[in-house]
Structures are given as structure tokens and as C-alpha cells.
2 protein chains.
Amino acid sequence: MPLTLTALKNIPFIRQGDNLADVILHSIEPNDVKLQDGDIFVLAQKVVSKAEGRMVNLADVEPSPRALELAGQTEKDARLVELMLQESSEVVRFRKGVIVVEHKLGFICANAGIDHSNVMGGGENGEFVLLLPKDPDESAKQIREQVEEKTGKQIGVMIIDSHGRAWRNGTVGICIGLSGIPALVDERGWQDLFGCTLIATVVGVADELAAAASLVMGQAAEGTPVVHVRGFPYPLGNGTLKEIIRPKEQDMFR
Amino acid sequence: MPLTLTALKNIPFIRQGDNLADVILHSIEPNDVKLQDGDIFVLAQKVVSKAEGRMVNLADVEPSPRALELAGQTEKDARLVELMLQESSEVVRFRKGVIVVEHKLGFICANAGIDHSNVMGGGENGEFVLLLPKDPDESAKQIREQVEEKTGKQIGVMIIDSHGRAWRNGTVGICIGLSGIPALVDERGWQDLFGCTLIATVVGVADELAAAASLVMGQAAEGTPVVHVRGFPYPLGNGTLKEIIRPKEQDMFR
């Protein structure tokens, strides 16, 4: 079976309190998707964060002395830097325009994943930014369980964001939360074509799927934050974000 | 149009001198693919390297003093380390079992991309390993031009490998060479849903596609090193590997 990724059209603008399982279920029929066991929905972080009320008005943020200092060093908005510090466990690198942190969720990323784009803002009400979901694995699980309950199908749900890489230009989609999908597939011990044992291959299948979904989602004005996936080539499983995060003691580059 | 990725079945075992354009063209009909403008073929590095005769018999390799020293420090085969040094411009990190280099092609990767698995070897003839193609952009261009000439269709060709990441477990497919495909899509200056200008988004679309193709290719004994892609959501373009490599002077983590 081929791997097929379809960006669902006509997903409405998401507001705090919206039920994303319902949003998905309402959108699949107009998109001619007939749900099957093994299908996966990939959601942009942005819609999950919006539904969970993770918008913050910068006007309400009081920068700490440390945020003021780091904002000066990086030429960034001190209120935004304050939020980055609150969302992080460690500042890993900084330079003008960029702060790389270990996010409280465990991964290394720029600007603590805080997002300006596609967030309603400006005008009289202030300038809003969007924090990442508090527990994206749990968010994915809740959506998965609700969709499964209402359809009787066994599915997977993944939440993705776009990250830069240390040594390559361009952002790629990566998994920040998942439910019902394996995070890694460990091929160590499998035989290759010549019967040699593979010794070092653990495949980041969740991140590979995240990149694929990101490609069809687009970044800017497309407004297609949900992707339907059919033909994921591994059995559904029970991955967690924690499995994907390299433990700090194995980090060669921090 | 959805993004559809199909691993072509029945790709024969590739030997030095094989014409990969012919291999692809012979395989598409049995796989029920009718080529269209805008289609892309993604090839595993392994088959390109094999066709180009990049197999090396470790019995023929004489380790230098530096290779012997690094092999001792990392507990690796000194002949393999010698090849890694020959393929690299710089050793970036090493520890027991792993050497991270800047490959001569420009990217940072483990073990200089030298591959043991799925390489015919062992027995009386020695132990063979496979180096990366010498100029993967050029390899991709030659395959693309031949397929285009024989079919009259405008297509893209990409060569991928699997890389580890600095802070995440599991390998993901990444692009090491491309022709007829954009490497990056620069969305800076585009408007988001609310008319705000996106300021920092350059998307690594080639790497996102590489990850997607890697997912359907599998790693071990599947033997599906060529993937047909339909529905790539950007116009075909003229990307190069060089665009994807972050210049050393912008590297925050070396």
C-alpha cells in the first residue's frame, strides 16, 4: 500500500475550547475520507495550542531581570524572552535574533517553540503569541480516544511542530506528541538483504512521518493544519515523546 | 492532490555499472505507475553508490597513524576509520563507537556515511563497505535527464541517506543530492492567515520529502530502494545540496 497524505480542507479557525476530535470528524466526510483502521491524523501544534488556550498577550508579561538581560544580548522582545525562559529548563545557545533552549518538554529548540504567526493579534487587544501544548502526548491521546470512540476505528494521532536543525538550513516537521503510533522502530538485530545483522539502526519513524505531514501542511496562509495519513508502513504502537528525546548524558553537542 | 509515496517493488540487485534510469523505467510499469510531469523518484544512497562502484574492500585499506589512533579511541576498525578520514574534511566529535565528521560533501554526519549493511561481503573476497556517491547532485541530474529524455516527462530525482540527529533518537531520511527539486522554500515575506508577514520561515522541503520517502523505503531487508512520489506540493525547481548545508560560520554547535 502506498503512503498517502492528504491535507484536510475547510478546517475551521480554531478557538479556545474547541473539540479537535469533533473538528476532525466533521472534516473527513467533505474531504472524501472514509476512516479505516490504521489511519493517522497529524495536527499542527498551532491548532492544539489554540484549542487548549495557550495564547498569551505580551502586554500581560512582566520581564524578569534575566529576561531583560538576555533580550538585550539577543535583540529580542523582553516579554517574549520572559516567556521563553518560563517555558524552558535551560538556555543552550543564544546569539542575535535566536535563543536555543531545552524546552520543558525535553527537546532542544529555538525560541522555546513560541509562535507569532497565524495567531490573531495586534490592534487594541495587544500582541498575542502561542505557547506549545502543556502535554502534547496527552493532547494526542485525548483526541485519539475520542475519535476511536465515535468511529470504532483504531487510529493514531500525532502533533507536530517545525524545527530548525543544527547543521542544515530549513525547518522540518518534527513530532512533539503522539498517541497510538510508534515513536521509534528498532531494527537492531534484524537481518539485511545478505543476512548480516543490522547493528545500529533505530529509525525515527514518528519524526519521518512528521516531516512528511509538514510538507503537505504548508507553513503560511494555506490553513491546512490537519493531515490524514493512510499506509503508515508499521503497525500502530504506543510511542511517547520521551522516547524520541536523547537523554542529556548522551548529548555530544550541548 | 494528496502526496503519495510508493516503494517500487522488484528493483533488481544493483551492480557497478548498472544504469539507474533504465532500472527505474523498467520498474514503473510492473508497479502500475504511469509517469506524469512533476513526479519525483527518490533513491537510497546505497543503490547509487553501488552503481557508481563505490564499494571498497577493507582488506585493501592501509590505516594511517592518525586512523590507528582514532580507531583506538573509538574502538572501531582502523581500516574503516581510515576511510572515514579520507571521506571527511574534519572530525567534529568522537566517542566509543561513533565518529562524527564533516563529510567532504559538506554535511555533518556519523561515520562519514560509510555503510556496512546490504553490501555483499564476507567470505573469501573480504569485507566490503560502501562510500557515498562522489557527487550526488550530479548523480541525480544524470538520472533525471535520462528519464526525462526517454519519457518526455519533467521529473525530479533525489538521493537520500539516513542520519542521526544531535538531540533526538532515531535516524531520519535526509537529502544528500537532488535535481529538478527545490531544496528549500523561502516563505519569508509571505503573509500568514491574518496578513502578518512571516519573518523566519525557510522550509527544508527536500529533507521533508527525504524523510517521507525513507519511511516507506524501510531500512533492513525490504529491498525497496526506489520510491515514486506524486503530489509534491511545490513546483519543481533547481535545488542543490549546497543550499541545504549550513555554512560553518553560522554553526552554533560544532
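Colleague: In chain A, what share of contacts between residues at least 6 apart in sequence join residues at least 24 apart?
Modeller: This is a predicted model. Chain A holds seven helices and twelve strands. Take its contacts between residues at least 6 apart in sequence; the share joining residues at least 24 apart is 60%.

Colleague: What percentage of the residues in chain A is buried?
Modeller: A residue counts as buried if 20 or more other C-beta atoms lie within 10 Å of its own. Chain A has 254 residues, and the buried part of them comes to 47%.

Colleague: How is chain A divided into domains, and how many residues does each bring to the contact?
Modeller: Domain 1 takes in 4–47 + 137–245, and domain 2 covers 55–130. Their contact draws on both: eight residues from domain 1 of chain A and nine residues from domain 2 of chain A.

Colleague: Which elements each supply at least two residues of the side of domain 1 of chain A that touches domain 2 of chain A?
Modeller: By class, that side of domain 1 of chain A has three nonpolar, two polar and three charged residues. The elements of chain A that each give at least two residues to it are strand 8 (156–163) and helix 7 (241–244).

Colleague: Which residues have the most contacts inside the largest nonpolar core?
Modeller: In soluble globular proteins, nonpolar side chains tend to be buried together. Here the largest nonpolar core has 145 residues. Beyond four places in sequence, the contacts of M158(B) include I40(B), V42(B), L178(B) and L209(B). The residues with the most contacts inside the core are M158(A) and M158(B).

Colleague: Why do the buried residues of helix 5 of chain A lie on the same side, and what arc do they cover?
Modeller: Helix 5 of chain A runs over residues 136–151 and reaches 22 Å from its first C-alpha to its last. Its buried residues include A140(A), I143(A) and V147(A). They sit on the same side of helix 5 of chain A because they cover an arc of only 160°.

Colleague: Which exposed residues are on the face of helix 5 of chain A turned away from its buried side?
Modeller: The buried residues of helix 5 of chain A are covered by elements including helix 1 (20–28) and strand 9 (172–179) of chain A. The face turned away carries the exposed residues E138(A) and E149(A).

Colleague: What arc holds the buried residues of helix 1 of chain A?
Modeller: L20(A), A21(A) and I24(A) are buried in helix 1 of chain A. They line one face of the helix, because seen down its axis they fall within an arc of 105°.

Key: Residues numbered from 1 in each chain as written. Chains lettered and ligands numbered in written order. Predicted model: local features only at pLDDT ≥ 70, side-chain atom pairs only at ≥ 80, totals over all residues. Domains from an automatic or database assignment. Contact = placed C-beta atoms within 7 Å. Helix = DSSP H or I, 4+ residues; strand = E, 2+ residues; numbered from the N terminus. Nonpolar A, V, L, I, M, F, W, Y, C, P; charged D, E, K, R; others polar. Core = buried A, V, L, I, M, F, W, Y, C linked by C-beta atoms within 7 Å. Buried ≥ 20, exposed ≤ 12 C-beta atoms within 10 Å, placed from the backbone. Expected span 1.5 Å × (residues − 1). Arc of directions from axis to C-beta.
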